Amino acid sequence: MAILDILKFPDSRLRHKGKKVEKVTPELEKLADDMLETMYDEKGIGLAAIQVGVDVRLLVIDIRPQGDEDRYDLEENLTDLEKAVELPIVIFNPEITKKEGKTKYDEGCLSVPGFYETVVRSKYIEVSGLDKQGKPVEYKIDGLLAICMQHEIDHLDGKVFIDRLSPIKSNRIKAKIKKFGYATSDEEDEAEKEKEEEQVLI
Ligand code: QAP
Ligand code: CO
């Protein structure tokens, strides 16, 4: 297994569209495992192959809380439909066959770290595709799982969540990224150290 590099917006490769998989080969199975490892390492809940620079229609999802951060829904907050799904999800060629209702959620993205905005999506969806063994699968989902699935399928079509915001909100995020970029983990460590040193001085 391996940790993969995640492309950061506005990398033009995030605009690529994923190609449909004809057959789930051992190489594609390994890619799915590496994507899961990468997603867990970054404390994410979803990752699309496009985000690691591979133009195939593959995504992985696991909305179970990781580590001690309670940013995401806990077990008791899961809907009945979410509880019925075995996690993690690995799906090739995902296609939405039905959608109903509307819901809002404050979304983030591993390709746009540190930025969160409210996005409107369908509340209930049905999705078909191929599982890790290449067998046909179908999901009937709602809640965070359905939101995450729609977010990741967007990546396979070259879309990021900021494309779904009002121009005012998306331009503000784009301008901030252009001006300041993203904090590297080194900078975050440095900021943390400075804070600790300050506390010693006080
Ligand atoms: C997509 O996003 C998603 O900014 C998956 O500093 C998000 O895993 C779908 C993450 C919310 C539905 C709702 C973001 C980690 C992870 C960050 C993620 C960050 C660290 C985002
Ligand atoms: Co994303």
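This report walks through a predicted model, looking at its metal site, some salt bridges, one helix and a few unusual backbone spots.

**The cobalt site**

Let's start with the metal. Which residues hold the cobalt ion (ligand 2)? Three side chains do the job: Cys 109 through its SG atom, and His 151 and His 155 through their NE2 atoms, at 2.1 to 2.2 Å. If you read along the sequence, the spacing of these donor residues is C-x41-H-x3-H. Cys 109 belongs to the loop between strand E4 (103–107) and strand E5 (117–121), while His 155 sits in helix H3, so this pair ties together parts that are 46 residues apart in sequence.

Are these two residues buried or exposed? Cys 109 has a relative accessibility of 11%, so it counts as buried. His 155 is buried as well, with a relative accessible area of 0%. The cut-off behind that word is a relative accessible area under 20%.

**Salt bridges across the chain**

Next come the charged pairs. A search of the whole structure turns up 13 salt bridges. Here are three of them, with the N to O distance for each.

| Salt bridge | N to O distance |
|---|---|
| Arg 15 and Asp 163 | 2.7 Å |
| Asp 157 and Arg 57 | 2.9 Å |
| Asp 154 and Arg 164 | 2.7 Å |

Take the bridge between Arg 15 and Asp 163, with its 2.7 Å from N to O. Arg 15 is in the segment before helix H1 (26–41), and Asp 163 is in the loop between helix H3 (143–156) and helix H4 (167–180), so the bridge ties together parts that are 148 residues apart in sequence. Arg 15 counts as partly exposed, at 35% relative accessibility. Asp 163 also counts as partly exposed, at 32%.

Now for Asp 157 and Arg 57, whose side chains meet at 2.9 Å, N to O. This pair links distant parts of the chain too: Asp 157 is in the loop between H3 and H4, and Arg 57 is in the loop between strand E1 (46–48) and strand E2 (58–61), 100 residues apart. Asp 157 has 31% relative accessibility and counts as partly exposed, whereas Arg 57, at 14%, counts as buried.

The bridge between Asp 154 and Arg 164 measures 2.7 Å from N to O. Asp 154 lies in helix H3 and Arg 164 in the loop between H3 and H4, so the parts tied together here are 10 residues apart in sequence. Asp 154 counts as buried at 7% relative accessibility, but Arg 164 is partly exposed at 41%. There's a bigger picture as well: salt bridges that share partners join Glu 107, Arg 121, Asp 154 and Arg 164 into one network.

**A look at helix H1**

How many residues does H1 have? The helix has 16, and its first and last C-alpha atoms are 23 Å apart, close to the 22 Å expected at 1.5 Å a residue. Its buried residues are Leu 28, Leu 31, Ala 32, Asp 34, Met 35, Leu 36, Thr 38 and Met 39. Why can positions a few places apart in an α-helix point the same way? An α-helix has 3.6 residues a turn, so residues three or four places apart point the same way. And what covers the buried residues of H1? The cover includes E1, E2 and strand E3 (89–100).

**Backbone oddities**

Just after H1 comes Lys 43, with a positive phi of about 60°. Lys 43 is not a glycine, and its phi is still positive. You'll find Lys 43 in the loop between H1 and E1, where it counts as partly exposed at 36% relative accessibility.

Asn 93 is another non-glycine residue with a positive phi, near 50°. Asn 93 is found in strand E3, and with 10% relative accessibility it counts as buried.

Finally, which peptide bonds are cis? One runs from Phe 9 to Pro 10, with omega near 5°, and Pro 10 is in the segment before H1. Another runs from Leu 87 to Pro 88, with omega near 0°, and Pro 88 lies in the loop between helix H2 (80–83) and E3.

Technical notes
Residues numbered from 1 in each chain as written. Chains lettered and ligands numbered in written order. Predicted model: local features only at pLDDT ≥ 70, side-chain atom pairs only at ≥ 80, totals over all residues. Heavy atoms only, no water. Salt bridge = Lys/Arg side-chain N within 4 Å of Asp/Glu carboxyl O. Helix = DSSP H or I, 4+ residues; strand = E, 2+ residues; numbered from the N terminus. Buried < 20%, exposed > 50% of the residue type's maximum accessible area, 1.4 Å probe, protein only. Donors = N, O, S within 2.8 Å, 3.2 Å for Na, K, Ca; no water. Expected span 1.5 Å × (residues − 1). Contact = heavy atoms within 4.5 Å.
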